[in-house]
Amino acid sequence: MSGAREALKRWLGFLAEERRASPRTVEAYAGAVGRYLGFLEQHQGGALSLADLGKVTAADIRAFLAYRRGGDHPLSPRSLSQALSAVRTFHHYLDRRCDTPNAAISLVRGPKVRPGAPRPISEDQAFGLIEEAAEDPDRAPWEASRDEAVLTLLYGCGLRISEALSLTRGEAPFGDSLRITGKGGKTRLAPVLPAVRQAVNAYLADLPFMLGPKDALFRAPRGGPLTPRHVQALVQRLRGRLGLSERATPHALRHSFATHLLGAGADLRSIQELLGHASLSTTQRYTAVDAAGLLSAYAKAHPHA
């Protein structure tokens, strides 16, 4: 293996097969490092060898970041930081697996990124979305049952869309908990509320398709697996009917799950486990959200506010 492009191909295979990275992660890394190699090839005037990658300087990498910061489609600081992270991970692989070290990558700092606070919706808005889905006149009854079940899962268990849609027919009807495989292949137990169990059971009773135990539980109108795009389009349509803002998304239901638990007195460690966060610092962002909500309620209700 002597070429940079061949190294990229091997690295992506390593991520997918050995590191068990999600297809979305592999795709994002392929795009970021592919553009990085393309930038270097353009400046060198041809294909790159492994030896060339070992000679890349900190100035070269900074020039690449400056290039990605400008142009017709400039990256935000967060996206730029993610691109640099992908390049670092690629060079780490070259060092460990291809005997091609490059110390320059450690000299480059990415842009400062302020962590964005989660954007939850209120309890009334969450319930409104679920109820609107259940009574949707534009859907067949089984589809309305399905939509209600999916949204109830997102809000009732705090699942990501991908986690909810990866559930199989063999896992339903649900017991008291679900074993969920989240980001990075990490597994966790998600307690199942009676309302979640009832919504999924109602969907199963209405489901017009015969499914095998390993088939995806939630199905599209023609019988194929339901996709994230289906759920996103559903919530977009429902929020339009209810007059909700654009922040009412499927993922906002997961954020609301965490924020409402925190507001009810749940501790951060428990919420971290329920969400499947690897770091407590990720979960701690919800304390800022909850404090903001408390101050907002105070400002509206106090006579002297």
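## The largest pocket

Helix 2 is a good place to start, as this helix gives the most to the lining of the largest pocket, with 8 residues. The model is a predicted one, and in it the largest pocket holds about 2000 Å³ of space. Its lining counts 46 residues, and those nearest the centre are S22, R24, T25, R160 and K183. By character, the lining residues split into 19 polar, 15 nonpolar and 12 charged.

Several helices share in this lining. At least two residues each come from helix 2 (23–44), helix 5 (77–98), helix 8 (161–165), helix 10 (228–242), helix 11 (250–263) and helix 14 (285–301).

## The chain as a whole

Stepping back, the protein chain has 14 helices and 2 strands. Its C-alpha atoms fill a box of roughly 60 × 60 × 35 Å along the principal axes. The chain has 305 residues, and 40% of them count as buried.

Contacts across the sequence are worth a look too. Taking contacts between residues at least 6 apart in sequence, 62% join residues at least 24 apart.

## Two nonpolar cores

The largest nonpolar core brings together 43 residues, and L151, L153, F174, L217 and F218 are those with the most contacts inside it. Two or more residues of this core come from each of helix 6 (123–134), helix 7 (141–157), helix 8, strand 1 (177–181), helix 9 (194–206), helix 10 and helix 11. Helix 7 has the largest share, with 8 residues.

For a closer view of this core, pick out L153. Setting aside residues up to four places away in sequence, L153 touches G158, L159, A164, L167, F174, L178, V196 and F218. Another core lies apart from the largest one; it has 34 residues, including F39, L48, I61 and Y93.

## F64 and H91

F64 sits in helix 4 (residues 58–69). F64 counts as buried because its relative accessible area is 1%, under the 20% cut-off. Beyond its neighbours within four places in sequence, F64 is in contact with A32, R35, Y36, F39 and V87. One of these partners, R35, is 29 residues from F64 in sequence, and their C-alpha atoms are 9.0 Å apart.

H91 belongs to helix 5. With a relative accessibility of 3%, H91 is buried too. Its side chain makes a polar contact of 2.8 Å with the side chain of Y36, a residue that F64 also contacts. Leaving out neighbours within four places in sequence, H91 is in contact with Y36, L53, T100, N102 and I105.

## Backbone details to look at

Two spots in the loops deserve a visit. In the loop between helix 8 and strand 1 you will find P173. The peptide bond joining A172 and P173 is cis, with omega at about 0 degrees.

The other spot is D99, in the loop between helix 5 and helix 6. D99 is not a glycine, yet its phi is positive, near 55 degrees. Is D99 buried or exposed? D99 counts as exposed because its relative accessibility is 68%, over the 50% cut-off.

Technical notes:
Residues numbered from 1 in each chain as written. Predicted model: local features only at pLDDT ≥ 70, side-chain atom pairs only at ≥ 80, totals over all residues. Heavy atoms only, no water. 1 Å grid on protein atoms, 1.4 Å probe; cavity = no way out; pocket = protein on both sides within 12 Å on 5 of 7 lines; lining within 4 Å. Points joined across faces, edges and corners; volume = space filled by probe spheres on them. Helix = DSSP H or I, 4+ residues; strand = E, 2+ residues; numbered from the N terminus. Nonpolar A, V, L, I, M, F, W, Y, C, P; charged D, E, K, R; others polar. Buried < 20%, exposed > 50% of the residue type's maximum accessible area, 1.4 Å probe, protein only. Polar contact = N/O pair within 3.5 Å; in protein donor to acceptor, adjacent residues only side chain to side chain. Contact = heavy atoms within 4.5 Å. Core = buried A, V, L, I, M, F, W, Y, C linked by side-chain atoms within 4.5 Å.
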